[in-house]
Amino acid sequence: MTEGPFSLAGKVALVTGGNAGIGRALALALRQAGAKVAVGARRPDRNAEVLAELGADGAAFELDVTDEAGIERAVQGVVARWGRLDILVNNAGTVNRKSVMELERAAWDHVMNTNLTGPFLCTKHAARIMKSQGSGKIINIASIYGLVAPSKGLQVPYSVSKAGVIALTRVNAVELAAHGIQVNAIAPGYYFTEMTAELSGTPLEQTLKRRTPSGRLGETVDLTGTCVYLASRASDHVTGVCIPVDGGYVVSDGLERG
Ligand SMILES: NC(=O)c1ccc[n+]([C@@H]2O[C@H](COP(=O)([O-])OP(=O)(O)OC[C@H]3O[C@@H](n4cnc5c(N)ncnc54)[C@H](OP(=O)(O)O)[C@@H]3O)[C@@H](O)[C@H]2O)c1
């Protein structure tokens, strides 16, 4: 795509956690819409695989979003390569499904550091570049569990971190609006990726399908249009919002009526 309101031609994007699952799909979609795309994640082999898919206008950085110095290096690496940074997708994430009564402090810290502190730190360094350009798009990957709780609890730091990501979206949208930077969030429902693979084929999969008005789980392609929209000039007057892409999950009361 080279023209029109959704075109990303001439734009430069960084997708954290872009080497697998949702992040990989978003990175490839941004590339398809015309952006030059860098992915940043920890596993070098997976980074290399996505780099091969992105082609000549792609880049991959070994990045741990809990490490501020590494984030600075990745952001500077993108700018050194392409001279700018227009789009940041804060996608890297992890989960822990232990009971609140069993959860160790270190496990809580790890999820919070990855899912909430990571997006804060990436925003901090990317927004400095975007401010100097007078424009930018920050897209935070939240979750429906930032909006509602899982039915039996258990995803404690995950849910808290994702609610935090939605608040981070709002507060940064307000501050950064004056610099031409829009900050928005996407709240995916359930998607089968490495993060959720253990649920595949379990009774919960059928329950999820019944609970979701669309009658199915999401496929990563379901998220790509919303991401490209939020990365493009089509969304220049949209900021601080969180868009669920969940087949209607959060707007339904979920009751099974006969
Ligand atoms: N799948 C779902 O149903 C679902 C639903 C709602 C929201 N989400 C959110 O969508 C995002 C992507 O999830 P996914 O399902 O695609 O998960 P995934 O398949 O497990 O992929 C997670 C990605 O994050 C990277 N990552 C993890 N920790 C990192 C760190 N400290 N620094 C840098 N990269 C890191 C991983 O790469 P490395 O291991 O190589 O670093 C991988 O690329 C997450 O924020 C997740 O919470 C997912």
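This section describes the sheet, the helix packing and the ligand shell of a predicted model.

The sheet is open and has 7 strands. Their order is 3-2-1-4-5-6-7, and the pairing is parallel. Strand 3 (58–62) and strand 7 (242–245) form the edges, each pairing on one side only. Neighbouring strands are turned against each other by 20° on average, direction ignored. Within the sheet, strand 5 (residues 136–141) pairs with strand 6 (residues 181–188) in the parallel sense. This pairing runs over 6 bridges. In it, Ile139 stands opposite Asn184 of strand 6.

Helix 4 (residues 105–133) packs on this sheet. It touches strand 1 (12–16), strand 4 (87–90), strand 5 and strand 6. The direction of helix 4 makes about 175° with that of strand 4.

Helix 4 also packs against other helices. Its partner helix 5 (residues 156–176) lies at an angle of about 15°, with the two axes 9 Å apart. Angles under 35 degrees count as roughly parallel, and helix 4 and helix 5 are therefore roughly parallel to each other. The crossing of helix 4 with helix 5 is right-handed. Helix 4 contributes Trp108, Val111, Met112, Asn115, Leu116, Pro119, Phe120, Thr123 and Ala127 to the contact. From helix 5 come Pro157, Tyr158, Ser161, Lys162, Gly164, Val165, Leu168, Asn172 and Leu176. By class, 12 residues of this contact are nonpolar, 5 are polar and 1 is charged.

Helix 3 (residues 68–82) packs against helix 4 as well. The two axes come within 9 Å and cross at roughly 30°. That angle makes helix 3 roughly parallel to helix 4. Helix 3 passes helix 4 with right-handed geometry. On the helix 3 side, the contact involves Glu68, Ile71, Glu72, Val75 and Val79. These meet Leu121, Cys122, His125, Ala126 and Ile129 of helix 4. The contact of helix 3 with helix 4 comprises 7 nonpolar, 1 polar and 2 charged residues.

A further helix pair is formed by helix 1 (residues 21–32) and helix 2 (residues 44–54). Their axes come within 10 Å and cross at roughly 25°. Helix 1 and helix 2 are therefore roughly parallel to each other. Here too the crossing is right-handed. Arg24, Ala27, Leu28 and Arg31 of helix 1 meet Val50, Glu53 and Leu54 of helix 2. The contact of helix 1 with helix 2 holds 4 nonpolar and 3 charged residues, and no polar ones.

Helix 1 also takes part in the ligand shell. In total, 29 residues surround the ligand. The closest are Gly17, Gly21, Arg42, Gly93 and Thr193. Helix 1 supplies the largest share of the shell, with 3 residues. By class, the shell divides into 11 nonpolar, 13 polar and 5 charged residues.

Technical notes: Residues are numbered from 1 along each chain as its sequence is written. This is a predicted model: local features need pLDDT of at least 70, side-chain atom pairs count only at pLDDT 80 or more; totals for chains, interfaces and linings use all residues. Two strands pair if DSSP finds at least two bridges between them. Helices (H or I, at least four residues) and strands (E, at least two) are DSSP runs, numbered from the N terminus. Axes are lines fitted to C-alpha atoms, for helices over the stretch in contact, and angles run from 0 to 180 degrees between N-to-C directions. Two residues are in contact if their C-beta atoms, placed from the backbone, lie within 7 Å. A residue is near a molecule or strand if its C-beta atom, placed from the backbone, lies within 6 Å of it. Ala, Val, Leu, Ile, Met, Phe, Trp, Tyr, Cys and Pro count as nonpolar, Asp, Glu, Lys and Arg as charged, and the others, Gly among them, as polar. Angles under 35 degrees count as roughly parallel, over 145 as roughly antiparallel, 65 to 115 as roughly perpendicular and the rest as oblique. A crossing is left-handed if the near helix is turned anticlockwise from the far one by less than a right angle, and right-handed if clockwise.
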